[in-house]
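Me: I'd like to learn how to read a protein model. Could you walk me through one, feature by feature?

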Amino acid sequence: MSFWAITNIDEQVKKAIQELDMRYSRGMEFKIDDLMAVSSCKEASNYKTFFAKAEAKIASSGKVTPTRTINKVSYYKVK
C-alpha cells in the first residue's frame, strides 16, 4: 500500500526528461521505467497518473522514437 504521493508531477516529469538527456546516448533503447526519476516513484499513490504523463511527454518530445511494445511495455530509442 502506498503512503506517499508525488507532490509536483510536472517537476518529476522534468527530472525524467533531464535524466534522459544526461544518461542516454543516441541509439540507446530504454523503457520509461528504466529512468530512475520514474522507477523511484513506483510506490507513490499517484504513480499511474505520473507514469502516463511522463510517457506522453517523453514520447512527444522529439528526442525518442518508439521501437516496440512487449506485454504492454513500450520501448523507445534515443534519436
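Reply: Sure, let's start with a charge and a ring. The charged end of Arg68 sits over the ring of Tyr75, 4.3 Å from the ring centre. Keep in mind that this is a predicted model.

Me: Okay. What does Arg68 form with Glu29?

Reply: A salt bridge, with the closest N and O atoms 2.7 Å apart. The partners come from distant parts of the chain: Arg68 is in strand β2 (residues 64-70), Glu29 is in strand β1 (residues 29-31), and 39 residues separate them. As for the surface, Arg68 is partly exposed at a relative accessible area of 39%, and Glu29 is partly exposed too, at 34%.

Me: How many salt bridges does a search of the whole structure find?

Reply: Six. The general idea is to look for a side-chain nitrogen of Lys or Arg within 4 Å of a carboxyl oxygen of Asp or Glu. One of the six joins Arg23 and Glu19, whose closest N and O atoms are 2.7 Å apart.

Me: Where do Arg23 and Glu19 lie?

Reply: Both are in helix α1 (residues 9-23), four residues apart, which is about one turn of the helix.

Me: And is Glu19 buried or exposed?

Reply: To sort residues, compare the relative accessible area with the cut-offs: under 20% is buried, over 50% is exposed, and anything in between is partly exposed. Glu19 has 9%, so that residue is buried. Arg23 has 45%, so its label is partly exposed.

Me: Which residue does Asp34 form a salt bridge with?

Reply: Lys31, and the closest N and O atoms are 3.1 Å apart. Try the cut-offs again here: Asp34 is at 31% relative accessibility and therefore counts as partly exposed. Lys31, at 22%, is partly exposed as well.

Me: What about a charged residue without a salt bridge? How would I read that?

Reply: Check whether the residue is buried, then look for the nearest opposite charge. Glu55, in helix α3 (residues 47-59), is a good case. Glu55 is buried but has no salt bridge, and the nearest side chain of opposite charge, that of Lys31, is 11 Å away.

Me: Which residues does Glu55 touch, not counting those up to four places away in sequence?

Reply: Ile32, Ser74 and Tyr76.

Me: Now the aromatic rings. What do I look at when two of them pair up?

Reply: A pair of aromatic rings is described by the distance of the centres and the angle of the planes. This structure holds four aromatic pairs. In one of them, the ring centres of Tyr24 and Phe30 are 5.2 Å apart and the planes are at 45 degrees, so the pair is tilted.

Me: Are Tyr24 and Phe30 buried or exposed?

Reply: Both are buried. There's a cluster to spot as well: ring pairs link Tyr24 and Phe30 with Tyr76. You've already met Tyr76 among the residues that Glu55 touches.

Me: Let's step back. In what order do the elements run from the N terminus on?

Reply: The order is α-β-α-α-β-β, with three helices and three strands in the chain.

Me: How can I tell whether the chain agrees with a compact globule?

Reply: Compare its radius of gyration with what a compact globule would have. For 79 residues that would be near 12 Å, and the chain has 12 Å, so the two agree. The C-alpha atoms fill a box of roughly 35 × 25 × 20 Å along the principal axes. Of the 79 residues, 33% count as buried.

Me: What share of the contacts between residues at least 6 apart in sequence join residues at least 24 apart?

Reply: That share is 55%.

Me: One last feature. Which residues should I check for a positive phi?

Reply: Look for ones that aren't glycine. Asn71 has a positive phi of about 50 degrees, and Lys72 has one near 65 degrees. Asn71 is in the loop between β2 and β3 (73-78), and Lys72 is in the loop between β2 and β3 as well.

Me: Are Asn71 and Lys72 buried or exposed?

Reply: Use the cut-offs once more. Asn71 is at 73% relative accessibility, so that residue counts as exposed. Lys72, at 83%, counts as exposed too.

Conventions:
Residues numbered from 1 in each chain as written. Predicted model: local features only at pLDDT ≥ 70, side-chain atom pairs only at ≥ 80, totals over all residues. Heavy atoms only, no water. Helix = DSSP H or I, 4+ residues; strand = E, 2+ residues; numbered from the N terminus. Buried < 20%, exposed > 50% of the residue type's maximum accessible area, 1.4 Å probe, protein only. Lys, Arg positive; Asp, Glu negative; His and termini not counted. Contact = heavy atoms within 4.5 Å. Phe/Tyr/Trp six-rings, centres within 6.5 Å; stacked < 30°, edge-to-face > 60°. Lys NZ or Arg CZ within 6 Å of the ring centre and 35° of its normal. Rg over C-alpha atoms; globule rule 2.2 N^0.38 Å.
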